[in-house]
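Reader: I would be grateful for a close look at a single part of this structure. Please take one sheet and describe how its strands are arranged.

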There are 4 protein chains.
Amino acid sequence: MTIRAAVMTEPHAAMEIWSLDDPPIEEGGVLLETVASEVCGTDVHLHRGHLADVPYPIVPGHVSVGRVVESRGVDADITGSPLAGGDLVTFYDVHEVCGVCWHCIVAGQPNRCANRRVYGITYSADDGPLGGWAERIYLKPGVKILKLPESLTADDVIGGGCGLFTGFAAVERSGLQMADTVVVQGAGPVGLSTAAFSALRGAALTIVIGAPGDRLALARHLGADVTLSLEGMELGERQAAVLELTGGRGADTVIEASGNPAAIPEGFELLRDGGTYVVAGHYTDAGDVELNPHLAINRKHAQVRGQWGTEFRHVIRALKMLAKHRDRLSFSRVIGKRYGLGETDAALEDIAALRVPKAVIVP
Amino acid sequence: MTIRAAVMTEPHAAMEIWSLDDPPIEEGGVLLETVASEVCGTDVHLHRGHLADVPYPIVPGHVSVGRVVESRGVDADITGSPLAGGDLVTFYDVHEVCGVCWHCIVAGQPNRCANRRVYGITYSADDGPLGGWAERIYLKPGVKILKLPESLTADDVIGGGCGLFTGFAAVERSGLQMADTVVVQGAGPVGLSTAAFSALRGAALTIVIGAPGDRLALARHLGADVTLSLEGMELGERQAAVLELTGGRGADTVIEASGNPAAIPEGFELLRDGGTYVVAGHYTDAGDVELNPHLAINRKHAQVRGQWGTEFRHVIRALKMLAKHRDRLSFSRVIGKRYGLGETDAALEDIAALRVPKAVIVP
Amino acid sequence: MTIRAAVMTEPHAAMEIWSLDDPPIEEGGVLLETVASEVCGTDVHLHRGHLADVPYPIVPGHVSVGRVVESRGVDADITGSPLAGGDLVTFYDVHEVCGVCWHCIVAGQPNRCANRRVYGITYSADDGPLGGWAERIYLKPGVKILKLPESLTADDVIGGGCGLFTGFAAVERSGLQMADTVVVQGAGPVGLSTAAFSALRGAALTIVIGAPGDRLALARHLGADVTLSLEGMELGERQAAVLELTGGRGADTVIEASGNPAAIPEGFELLRDGGTYVVAGHYTDAGDVELNPHLAINRKHAQVRGQWGTEFRHVIRALKMLAKHRDRLSFSRVIGKRYGLGETDAALEDIAALRVPKAVIVP
Amino acid sequence: MTIRAAVMTEPHAAMEIWSLDDPPIEEGGVLLETVASEVCGTDVHLHRGHLADVPYPIVPGHVSVGRVVESRGVDADITGSPLAGGDLVTFYDVHEVCGVCWHCIVAGQPNRCANRRVYGITYSADDGPLGGWAERIYLKPGVKILKLPESLTADDVIGGGCGLFTGFAAVERSGLQMADTVVVQGAGPVGLSTAAFSALRGAALTIVIGAPGDRLALARHLGADVTLSLEGMELGERQAAVLELTGGRGADTVIEASGNPAAIPEGFELLRDGGTYVVAGHYTDAGDVELNPHLAINRKHAQVRGQWGTEFRHVIRALKMLAKHRDRLSFSRVIGKRYGLGETDAALEDIAALRVPKAVIVP
């Protein structure tokens, strides 16, 4: 049997449909039937050639949900829950870190391991169906599989997508104090998730700055207390609004989830003296910005923290929170449109143009 | 009796010598005979009018050493050590914080209290001899006085000056791990102190980048393991040198003590992924710089921390370390030149022109 | 005019009703008409003579809600909200810390300042109506006053009482990670508040161990996901239940809010390796317990943290959370019974006998 | 060829000399000629049968120094330094953690991984020469090897032994602030290392409590400022001495390195309010002790932290510090006696009886 997959053959090229051989299942390997995979900003970066060392042709799709079709010697997920054919699962896209480099074993920061292998990004299509934009996904031995709790649907998870985990990581990284005021810059998938987890983590006031209106409505639905529109307000008005909401001090915590360098100086303006600013919106070259570093950082006694990628703990913890708060958190509503394997070009364009908050590939 | 004092009447004006009335000693007040006071970058900022809300005319001199001349109802220093006439003391220049504002009581960051009163900066000469560039200094009730340990001379303390405490605070703020590699940007008083405390705090390798050569020699004397000259090396060479010293990764901790905005992008280049960058070199407007925030902060998974001012704990702890390590730490060698009360214009010019690392006023 | 007050003249003595003179209102002082004051475990300790240096006779009642009757020169609360006659307020019972001792200015732990002055505890009845079990309470200059948000009633606040703030502090101190499993030992006022804030702070699972059944029902109402009864289960059964709920590992975070020394070894049994245990249930001598310190602490790689008292930030932040989540958090339901000034002996007895979770004095 | 090894066949049995087959060198494996291996408290625990799941017969010796005899496909140590025959190396005794359990990937605490494989402890003699009490040691693929810096001798490292790394870990875990006062309980290998790293990490005052006198002399040599003898002083005297040295407050940080449960209540007495207590002296059942948990932990607002085992970062960082400060840190002086392979019974007895601070096996 063969597997239909959408393949990105090289940057800027039209997507192609390939037929990949069904892979042999190794001891410890699992084959999934893809239920849904996501299109995120990283896929656009991949298509534009912004990431280094990508082994094109690739099968994109790093966060996915699937059903177990076949497995060898795997009878439980990573938490020990029994795993059987037909079970709905997701998995951690970072398949491997080296475990022997300085970042892995001295710094305790495996997210900066130079040898990470990531589904949908660092594998070639020649290696097999190792991305989610395919009818089936092969999970190599050691891939960390999580069975979805019964209360969660595939749409709940994929509607959050990788942004769900990035937003979780950004909120964790902020170390926000209970009853803090939090400003989230951006209302895309990362911003929406950040707002949701900010509220669940104990913020007394979560303010989202973004556009367009329907995303702000989603933000409020997911937990934001106040939204400020980039379309309807000037920078000065937004700043005035934040100051008024914070006793004139600015926000305790600001989390940048916009990917726009221009958001950075604005973020410092919105941050109170002594506050914490998490920069999580982008990790490739989105351009430079002018900044007065001594006023922004030193005089403000600020803390600024980047959050690169996610670790497995973010995934498992985010899904636990999603399951606990499923009544309030309907990330399925973030899904803007579904695309077949033959429509991935359109999906990439829609995401690049911000036409949909979350595009989902349904093979 | 009257007190001769050097008075800064307004920004850019020549310094004047005034005769101030000897102040009445309140209950809890102490009068000091000034032994030495320092000239630091802040005094240059004051002279250039860079700080807001300064009540000119002022008697500059925030960090000073003096001998107790007279006191009312004060028989011990802040640690409980007996205090008597003739004792050599220093004191914390931040006389008061309000204790009721949000930064004082909610954030636990009194250094950002808007109502701080600081010797040599926020008092007018009309309020009395409340700065160190005067024959005598009046310590109002509540000023935190520290008797110098017997092993320390006035020169040991004033040679470090406020930079001693700022450097201590910067190193504390970095949270550096034992055996880290630390890069210090700048070899002025703050940079020298930062290098000294970096070594005492357990860095395995402390690298100072600065100029000129005699300051780098001081840095090595005070604890730096390696110095890289701004004069003799291009940016690329400095970066290559740091990479070679750090197994190709960059430094675990970078501390900016230069006050130069251009140091910031260089600092990020020298920082390893996942490292910590403390920005402590300036707190007024030193100008803008171009920065790629997503590459510098997010992709690097960096932590960036400003350190505004010092708190009393920095002062008492820094002096304890100075006393313990007096054999190794001769900050008296940092003193470039001594100036009488009539020579403070020259002192300001020498500091502004970086002609001396530390200028000391001896009234 | 005079003020009727319930006075504890000495340990073990019956409470007396005294008439205190109406105090002169100093500049910065505020007189409140008492709406409600609480009876908590500390009041029982006071009545049993367990605290040192208490200046009997005293007017107990440290956490109270009142209405502004009169004030001099006070037109705003500590956050800057306008304050007028008739406004409903509460205040931070710790009136003063010294601001010059080592714990205040070096350790940054004013809660361990030896010179704290606390309403209802460290003031004598001879000093005036400085406790809540009186018709009126005099707030001296500098007392930190908080106007209740319009959405909160006096019962919302006093139903939580000081336990509201202690529970908040215990959860903050735990540093719990989002999606952690938390075990709370105890279902009294501190335990209930701890459970509520645990849930609001992002725990995925909050388990309360306590008794009797109606308190456990309150715990579930306030946010606990699971309750285990001290009455119906043996220690081994409770441990088995916690292990089953935590994948066999034990809880990430355990918070002791029972005041029973025997809870401590049980707490360590319930804690996972590498977890955090906060001990917050008592601060006087509740007796010894046998512990294997190396197995409990070292082998477990545990963190154990005491939380002594509360700081103002806990009060203001807890009230913010209460206001935000008023729909879910009805601490008014914790109030077991109301007592007049003449019934304070009964109130003390009911609290000591655990007959009511929260006793409220309504003068 | 065969390898002579000292084998612990079962608890309490006399040690035997066995001849083990020279192992085949796998790809990635390295064979060392043993230069020195240590005898530590863990070896005594092993001999007394205190540890669970030990696959007797075993070749003890977890920390060792050796010379490279042969290797396959290994041309660099874990830091990338070239590795050749004859090079002097040490290695991290924890050969493997599973990388998929909850402690490994969610908690980020691989030291609590249930599947750790450790040289000298979790391998049977039937698995080969996988402990240091043998003429040669086989390092399986993946063992983390560190070439000794040229400035360090085998005695420098083995004189510290595993205590060197445990002491480093304990100091790191304490998070001590620069200029803190530190009390170290115990003057065995862990205590001595703790004292040394406490001083290097920036303590202003390091006090060691222990016995006998020659160990206290070693402690002073390695960095302790003050030593208090268990033999010459009663508990009350020791406490009085610590209070006098700390302005009446007690120590900021106490680190238990004695392994004696009775040290725990004493440690709390010596700790200041708000201080940090690290328990690192033992990890098996050393017995119970009576403790008043609410007074010791809650009223004191204390932090208590266990430190179980070491991670690789402790090893690499400790050796970096040892290399930097080799002039001051002569751990070779801690070596009390050397024993041949036929004398390991005597070595175990001498360690158990505290007759030597560090016993070294020289095969």
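Author: The following account begins with the sheet as a whole and then turns to particular strands and residues within it. The model is a predicted one.

The sheet is open and has 12 strands, with mixed pairing. Its order runs 12(C)-11(C)-10(C)-13(C)-14(C)-16(C)-16(D)-14(D)-13(D)-10(D)-11(D)-12(D), so that strands of chain C and strands of chain D both belong to it. At the edges stand strand 12 (226–229) of chain C and strand 12 (226–229) of chain D. Each of these has a single partner strand, and therefore one side of each is left without a neighbour in the sheet. From one strand to the next, the twist averages 15°.

In general, the strands of a sheet pair through backbone hydrogen bonds, and the pairing is either parallel or antiparallel. An example of the parallel sense is given by strand 10 (residues 181–185) and strand 13 (residues 251–256), both of chain C, which pair over 4 bridges. Here C:Val184 stands opposite C:Ile255, a residue of strand 13 of chain C.

Next to strand 13 of chain C in the order comes strand 14 of chain C. This strand comprises residues 271–279, and C:Thr276 is found in it. C:Thr276 has a relative accessibility of 10% and counts as buried, because the cut-off for that term is under 20%. Leaving aside residues up to four places away in sequence, C:Thr276 touches C:Asp252, C:Thr253 and C:Val254, as well as C:Ser174, C:Leu271, C:Gln303 and C:Arg305. Of these, C:Asp252, C:Thr253 and C:Val254 fall within the range 251–256 of strand 13.

Note on methods
Residues are numbered from 1 along each chain as its sequence is written. Chains are lettered from A and ligands numbered from 1 in the order in which they are written. This is a predicted model: local features need pLDDT of at least 70, side-chain atom pairs count only at pLDDT 80 or more; totals for chains, interfaces and linings use all residues. Side-chain values use heavy atoms; hydrogens and water are left out. Helices (H or I, at least four residues) and strands (E, at least two) are DSSP runs, numbered from the N terminus. Buried means under 20% relative accessible area, exposed over 50%, partly exposed in between (1.4 Å probe, protein chains only). Contact means heavy atoms within 4.5 Å. Two strands pair if DSSP finds at least two bridges between them. Axes are lines fitted to C-alpha atoms, for helices over the stretch in contact, and angles run from 0 to 180 degrees between N-to-C directions.
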